[in-house]
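Please open the model in your viewer and set it to a cartoon representation, with side chains hidden for now. The stops below move from one selection to the next.

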Amino acid sequence: MGITIDGKEIAKAIKEEIKHFVHETKKEKGLNPTVVSILVGEDAGSQYYQNNQAKIAESLDISFIKKQFNEDISQHELIEYILKCNKDESIQGIMMLVPLPKHIDEKEVTNLIAPEKDLDCLTDVCMGKLYKSDKIFYPCTPNSVVTILEKMNIPLEGKEVVVIGRSNIVGKPLAQMLLDKNATITICHSKTVNLKEVTKRADILISAIGRPKYINQEYIKQGAVVIDVGTSSLNGKITGDIDFDDVKDKASYITPVPGGVGALTTTLLFKNLCEAIKKCF
Ligand code: NAP
């Protein structure tokens with residue numbers, strides 16, 4: 001049976017590194033690491049996510065400004081608030097929960113976040129620089145995948161990696177990050193013909209499609225590393241793209257859902273805060 005990767009354990013180790021950095025920053029620079037998290041409206045998923053951010057920030061001794069606006073806030077008011085946070089030197093990181101309500105142009109608004117405070121990599125500047133191998137921040141979900149592979153000492157150089165999914169927040173930036181690690185990348189999507197034939201070539205298979213238990217052992221090469229980014233609800237339970245029980249004996253390493261990739265993502269937001277402070281403050 002393959003090794004089940006424990007995302008929570010990896011997150012724990014990264015949290016210790018962040019705590020140490022926060023402590024040193026307070027002591028040496030007299031700076032109080034602070035983030036603002038902006039939520040518009042009452043989307044239950046976003047509220048849950050923001051509360052989780054707050055909890056993790058507290059455990060890391062990071063000051064957390066939980067900003068909540070009513071659903072009907074005007075685009076102008078929201079922009080004014082973002083510009084104020086951009087200028088405020090006591091805030092080093094800005095997080096904006098998406099999706100925003102329909103009357104707000106999400107792309108225009110998120111693009112106004114100062115790139116050096118854009119912990120979630122939402123701006124075109126941050127994304128553009130990533131594709132030129134000159135990152136400001138790594139986007140958290142792709143970074144979670146790469147961090148897991150590195151912490152498990154799974155080599156990437158020269159390896160055949162197949163990523164299923166080509167979204168702007170997961171598949172595409174992940175492929176770029178893996179390319180920068182000298183892996184050979186194939187990206188698959190819903191129009192890929194003979195998906196199984198492609199995925200069976202992979203030394204490392206990463207799935208980010210959002211279809212519960214879609215990938216079974218027929219898609220896997222013996223001994224492959226299998227990373228599951230997908231999170232869907234199946235019979236009221238959070239479920240990944242990979243049929244874990246079917247695949248686990250064929251894989252050399254496998255991430256569970258929950259407790260795999262998703263266990264690291266919020267922690268990595270705060271790692272980006274440390275990067276922001278190192279670079280700019
Ligand atoms: P998305 O924007 O819906 O993209 C899904 C991608 O999967 C698309 O590129 C789509 O192809 C491809 N796809 C769908 N069905 C397919 C199939 N049968 N065969 C091959 N490709 C297929 O989703 P996303 O935002 O990237 O998220 C993907 C999954 O990751 C979701 O389950 C999401 O909840 C999860 N997620 C998890 C985290 C975390 O922290 N764990 C963070 C973000 C997202 P086309 O482009 O051709 O449509």
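A crossover counts as right-handed if, with the strands pointing away from the viewer, the path from the first strand over the helix to the second runs clockwise. With that convention in hand, and bearing in mind that this is a predicted model, select β5, helix α7 (residues 171-179) and β6, which make a right-handed β-α-β unit.

Keep the two strands of this unit selected. Strand β5 (residues 160-164) pairs in the parallel sense with strand β6 (residues 184-188), and five bridges connect them. If you display Val 162, you will find it opposite Thr 186 in β6.

Now widen the selection to the sheet that contains this pair. In what order do its six strands run? The order is β1-β11-β8-β7-β5-β6, in an open sheet with parallel pairing. Because β1 (3-4) and β6 stand at the edges and have a single partner strand each, one side of each is left without a neighbour in the sheet. Helix α6 packs on this sheet, where it touches β7 and β8, and its direction makes about 150° with that of β8.

Next, select strand β7 (residues 204-207) together with strand β8 (residues 225-228), which pair in the parallel sense over four bridges. Within this pair, Ile 206 stands opposite Ile 227 in β8.

The ligand is the next selection. How many residues surround it? There are 20, and the closest are Arg 166, Ser 167, Ser 190, Arg 211 and Thr 231. Show the side chain of Arg 166, one of whose polar atoms lies 2.7 Å from an oxygen atom of the ligand, and then that of Ser 190, where a polar side-chain atom lies 2.5 Å from an oxygen atom of the ligand. At His 189 the backbone should be displayed, since here a backbone N or O atom lies 3.5 Å from a nitrogen atom of the ligand. Taken alone the ligand exposes 930 Å², and the protein buries 71% of that.

Move from the ligand to the other sheet on this tour. An open sheet of three strands, with parallel pairing, has the order β3-β2-β4. Its edges are formed by β3 (63-69) and β4 (93-96), each with a single partner strand, so one side of each is left without a neighbour in the sheet. From one strand to the next, the twist averages 20°.

Within this sheet, select strand β2 (residues 34-40) and β3, which pair in the parallel sense over seven bridges. Val 40 has Phe 69 in β3 as its bridge partner. Helix α3 (residues 75-87) packs on the sheet and touches β2, β3 and β4, while its direction makes about 175° with that of β2. Adding α2 to the selection shows another right-handed β-α-β unit, made by β2, α2 and β3.

Stay with this unit and select Asp 61, which is found in the loop between α2 (44-59) and β3. Leaving aside residues up to four places away in sequence, Asp 61 touches Val 22 and Lys 26. For a sense of scale, add Ile 154: the two residues are 93 apart in sequence, and 32 Å separate them in space, C-alpha to C-alpha.

The last stops concern backbone geometry. Most residues other than glycine have a negative phi, and most peptide bonds are trans. Which peptide bond should be selected on the way from β4 to α4? A cis peptide bond joins Val 98 and Pro 99, with omega about 5°, and Pro 99 is found in the loop between β4 and α4 (106-110). A cis peptide bond also joins Val 257 and Pro 258, with omega about -5°, and Pro 258 lies in the loop between β11 (253-254) and α10 (262-280). Finally, select Ser 133, in the loop between α5 (124-131) and α6 (140-151), where phi is near 55°, a positive value in a residue other than glycine.

How values were computed: Residues numbered from 1 in each chain as written. Predicted model: local features only at pLDDT ≥ 70, side-chain atom pairs only at ≥ 80, totals over all residues. Heavy atoms only, no water. Pairing = 2+ DSSP bridges. Axes fitted to C-alpha atoms, helices over the stretch in contact; angles between N-to-C directions. Contact = heavy atoms within 4.5 Å. Near = heavy atom within 4 Å. Polar contact = N/O pair within 3.5 Å; in protein donor to acceptor, adjacent residues only side chain to side chain. Areas by Shrake-Rupley, 256 points an atom, 1.4 Å probe, with all protein chains shown as cover.
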